[in-house]
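Subject: Structure handover, with notes on charged side chains

Dear colleague,

Please find below the structure I promised to pass on to you. My notes on its charged residues follow after it.

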Amino acid sequence: MELRPIVKRPNYHFEYKYERKETKEGRGFSLGEIKEAKLTLLQAKKLSIRIDKRRKSVHKENVDALVKYVESINKKQEEKSKSEEKKQ
C-alpha cells in the first residue's frame with residue numbers, strides 16, 4: 001500500500017478557464033503531521049513513510065491516514081506473530 005499525502009494547491013492571482021482542483025498528491029508528510037500521529041522521525045523512516053521536510057502545514061486528513069496506516073501494519077504484525085505461535 002502506497003501512502004501519499006494530500007496537500008493544497010497554491011493560490012494564483014489570475015483566473016483559469018476551467019475549474020481547478022483544490023488539492024493534489026504531495027511528495028511527503030510534514031514533520032508536524034508525523035508528530036500528531038504519535039510517530040518519531042526514525043519510526044516513520046523504518047515504516048518507509050515519505051517525509052517532506054519543507055512542508056510546514058498539518059492537515060487532518062493526512063494525520064488520519066497515517067494513524068490508519070500504522071494500525072493496519074500493527075494488525076498484520078500481530079496476526080503474523082499469532083500464526084508463528086500456533087506453529088510452535
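Aspartate 64 has a relative accessibility of 40% and therefore counts as partly exposed. Please keep in mind that this, like everything that follows, comes from a predicted model.

The partner of aspartate 64 is lysine 60, with which it forms a salt bridge whose closest N and O atoms are 3.6 Å apart. Because the two residues are four positions apart in helix 3, about one helical turn separates aspartate 64 from lysine 60. Lysine 60 itself is exposed, its relative accessible area being 56%.

By the rule applied here, the count of salt bridges comes to four, and two others among them deserve a description. One of these joins glutamate 33 to arginine 55, with 2.9 Å between the closest N and O atoms. This pair links distant parts of the chain, since glutamate 33 belongs to helix 1 (residues 31-36) while arginine 55 sits in the loop between helix 2 and helix 3, 22 residues apart. Are the two residues of this pair, glutamate 33 and arginine 55, buried or exposed? Both glutamate 33 and arginine 55 are buried; for arginine 55 the relative accessible area is 12%, which is under the 20% cut-off and therefore places it in that class. The loop that holds arginine 55 runs between helix 2 (41-46) and helix 3 (60-87), and the side chain of arginine 55 also makes a polar contact, at 3.3 Å, with the side chain of serine 57.

The other bridge is formed by the side chains of arginine 54 and aspartate 52, at 3.2 Å from N to O. Here arginine 54 is exposed, with a relative accessible area of 62%, whereas aspartate 52, at 9% relative accessibility, counts as buried.

Turning to the surface, you will find a patch of positive charge in which Arg9, Lys21, Lys24 and Arg27 gather. Arginine 9 is located in the loop between strand 1 (6-8) and strand 2 (23-25), and with a relative accessibility of 33% it counts as partly exposed.

Finally, lysine 82, which lies in helix 3, counts as exposed at 53% relative accessibility. Its C-alpha atom is separated by 39 Å from that of lysine 24, the two residues being 58 positions apart along the chain.

With best regards

Notes:
Residues numbered from 1 in each chain as written. Predicted model: local features only at pLDDT ≥ 70, side-chain atom pairs only at ≥ 80, totals over all residues. Heavy atoms only, no water. Patch = residues over 30% accessible without salt bridge, like charges linked within 9 Å, V, L, I, M, F, W, Y side chains within 5 Å. Areas by Shrake-Rupley, 256 points an atom, 1.4 Å probe, with all protein chains shown as cover. Lys, Arg positive; Asp, Glu negative; His and termini not counted. Charge placed at Lys NZ, Arg CZ, Asp CG, Glu CD. Buried < 20%, exposed > 50% of the residue type's maximum accessible area, 1.4 Å probe, protein only. Polar contact = N/O pair within 3.5 Å; in protein donor to acceptor, adjacent residues only side chain to side chain.
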